[in-house]
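Me: I am new to this structure and would like a close look at a single part of it. Please start with the surroundings and then go down to one residue.

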Amino acid sequence: MIAFAIRRLLQALGVMLVVALISFMMFRFVGDPVNQLVGVDTSPAEREALRQALGLNDPVLLQFARFVIKAAQFDFGISYQFKQPVASLIASRLPATLELSFVSALFALAVGVPMGVYTGLYRNTWLARAFLTISLIGVSLPTFLIGILLIFVVSVNLGWLPSFGRGDVVDLGGGWTTGLLTKSGLQSLILPSITLGLFQMTLIMRLVRGEMMEVLRTDYIKFARARGLSRRAINFGHALKNTLVPVITITGLQLGSIIAFAVITETVFQWPGMGLLFLQAVQNVDIPIMAAYLLLIAFLFVIINFIVDLLYVAVDPRIRLGGAAS
Amino acid sequence: MSYATEPEGKAAQTAPEGVKGGTRPGFVRRIADSDIWYSFTRSPLTMVSAVVTAIFMLAALFAPLIAPHNPFDPASISIMDSFYPPIWEADSDPRFLLGSDDQGRDVLSTILYGMRISLAVGFASVIFAMVIGVTLGLLAGYLGGWVDSVIMRIADVQLTFPAILIALLINGVARAMAGPQSYDNVVFAVLVLSIGLSFWVQYARTVRGSVLVEANKEYVLAAKLIGLKPITIMFKHVLPNVLGPVLVIATINLALAIITEATLSFLGVGVPPTEPSLGTLIRIGNDFLFSGEWWVTIFPGITLAILALAVNLLGDWLRDALNPKLR
């Protein structure tokens, strides 16, 4: 177990170093960092002095090492467009994105699992077919289109829910704001969460459905039926429980995707999160923000993958034994 | 699409029976006899999506002939015509079937021309991804060793991130390198590059897997024995035998590429409004959703949705039809 964890940790470090190298190369070689910081009327001598002060004349390897050390301390430099430290910009936007992502993941699980169980148990009812058709549409339609259609129907035509922003937020201290405690904040969360979570919901539904159909064919379910257990006990106690390991894994892995896909949802709903910041950075060629966002997302992905790997080993004894044997 | 169906029809027909030379039946006959055609005619949903896809592609191809207006011709558009609703609504103008947008352009015509751009970028990106992925997959599988390790490690790292994020990053970097002035000239190349580079991994992995199997077969050994160069063996002998799954991935990827292009354009980092794709049209129209001019964004949106759904269904069907395990 520990050997497995250490091996995974080293792999994760390797991935992070590669991503850091890409970020660094973007930072250093795409455009001239000095040009971005000074005005047009700065003299060549002053530019050279700044170049020296920033350490841009040092060997590239030394610069990379410095970049990695600084990044590990969450120092990503100054944003070209906002003239503020990138780290504080991202920190102020992080709560909005994380809140949206977690609510979306919850929505995807809370709706996707029951729908999956239902379609797995009652395959040929019209409701199961309706669910499957909806899931096909959910997989095929681009996220932003779903968002626009929701805004059009729910906000513009029905006028039920707000269509942009976070509503009123409460500061929990330390700059962490939440919209979960106010009515307008909760209302503002509904449409973006559905938009962001719909794809994951359909994924979870199809996964649970497939697993349920597979598990229901196994001998131990037949045996449970022969023992005369109630349908409820068989379906939920035995069958569903055994489908949950892959569901947990996929949901965990999808959490990273949700945070990344938040870029699109945040744009549609003008949600003041990290994704919107990143998109503005891409449009305005703000390399420090792009590099920092890339590193942050990579970090999240690596952490999530690591935890999921460990959970997997903890949950499924077959992997543990197989790993120990090899 | 005619390119895609031809080798599949052949592969499905000749592979199980091993027809060699002799009297080969005509092309139409072989298609009609094939398993794939049979499974096609048994699935009404697939036939509908094939017809829809074909209609959309033809409409895009012949847009200049079909479209009632030329939305790119400044002489023919007038700002006085802006925001006419579709003709079944009040205050409409019979010249604009689906209404007109903020600049007085006919929505139906912009959709037809936009679909042309969306499909062109989609096809080009898929071909680009296919060329890169297949080449790297062949090299990795056939040469092995450090070439294999390097290529597959890059693929692994890239696979950790969602494609849209990679496309956005490449887009940002290309934007920085081109500079803001010259960016509009290279926007299509940048789009194809960013979408293509975010999709190549799937091809590379599939091709590598098949090459590992093929490389040990006798025909490859024979080719080596008579002293053919590795390049010749890879591209002339191994490649044709690993292309089947590649075409399936390409079909599924076409829907993804169209969606990715639309997403990038919607986010404002894709096709500029002067030559709008479907995504750009939706982005432009989105600003008018609240002031009541819903048709400017909803019609391109529905078009994109139907197109993506139809191509997706076709890809799904093709994957199942070509997968011998499911037969």
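Reply:

**From the chain to one residue**

Read along its sequence, chain B of this predicted model follows the pattern α-α-α-α-α-α-α-α-α-α-α-α. In other words, chain B has 12 helices and zero strands. Of its 327 residues, 51% are buried. Among the contacts in chain B with a separation of 6 or more, 69% are between residues 24 or more positions apart. The accessible surface of chain B comes to about 15,400 Å², and carbon and sulfur atoms account for 66% of that surface.

The part to look at closely is helix α12 of chain B, which covers residues 295–322 and contains L307(B). L307(B) has a relative accessible area of 0%. Residues under 20% count as buried, so L307(B) is buried. What does L307(B) touch, leaving aside its neighbours within four places in sequence? Its contacts are F56(B), M115(B), L119(B) and I258(B). A further distance can be given for I259(B), which is 48 residues away from L307(B) along the chain. The C-alpha atoms of L307(B) and I259(B) are separated by 9.5 Å.

The helix that holds L307(B) also takes part in the contact between the two chains, where α12(B) gives 10 residues, the largest share of the side of chain B that touches chain A. That contact takes 35 residues from chain B and 37 residues from chain A. About 3,200 Å² is buried between chain B and chain A, and 86% of this area comes from carbon and sulfur atoms. Three residues, F161(B), L169(B) and L267(B), supply 16% of the area that chain B buries against chain A, which is more than any other three residues.

Polar links between the two chains can be counted as well. Between chain B and chain A there are zero salt bridges, and one residue pair is in polar contact. Helix α12 is joined on this side of chain B by α8 (163–214), α10 (230–266) and α11 (278–286), and each of these four helices supplies at least two residues. Sorted by class, the side of chain B that touches chain A has 25 nonpolar, eight polar and two charged residues.

To return to the starting point, α12(B) can be read in two ways: as the helix in which L307(B) lies, and as the source of the largest share of chain B's side of the contact with chain A.

Definitions and conventions. Residues numbered from 1 in each chain as written. Chains lettered and ligands numbered in written order. Predicted model: local features only at pLDDT ≥ 70, side-chain atom pairs only at ≥ 80, totals over all residues. Heavy atoms only, no water. Buried < 20%, exposed > 50% of the residue type's maximum accessible area, 1.4 Å probe, protein only. Contact = heavy atoms within 4.5 Å. Buried area = accessible area lost by both parts, 1.4 Å probe. Salt bridge = Lys/Arg side-chain N within 4 Å of Asp/Glu carboxyl O. Polar contact = N/O pair within 3.5 Å; in protein donor to acceptor, adjacent residues only side chain to side chain. Nonpolar A, V, L, I, M, F, W, Y, C, P; charged D, E, K, R; others polar. Areas by Shrake-Rupley, 256 points an atom, 1.4 Å probe, with all protein chains shown as cover.
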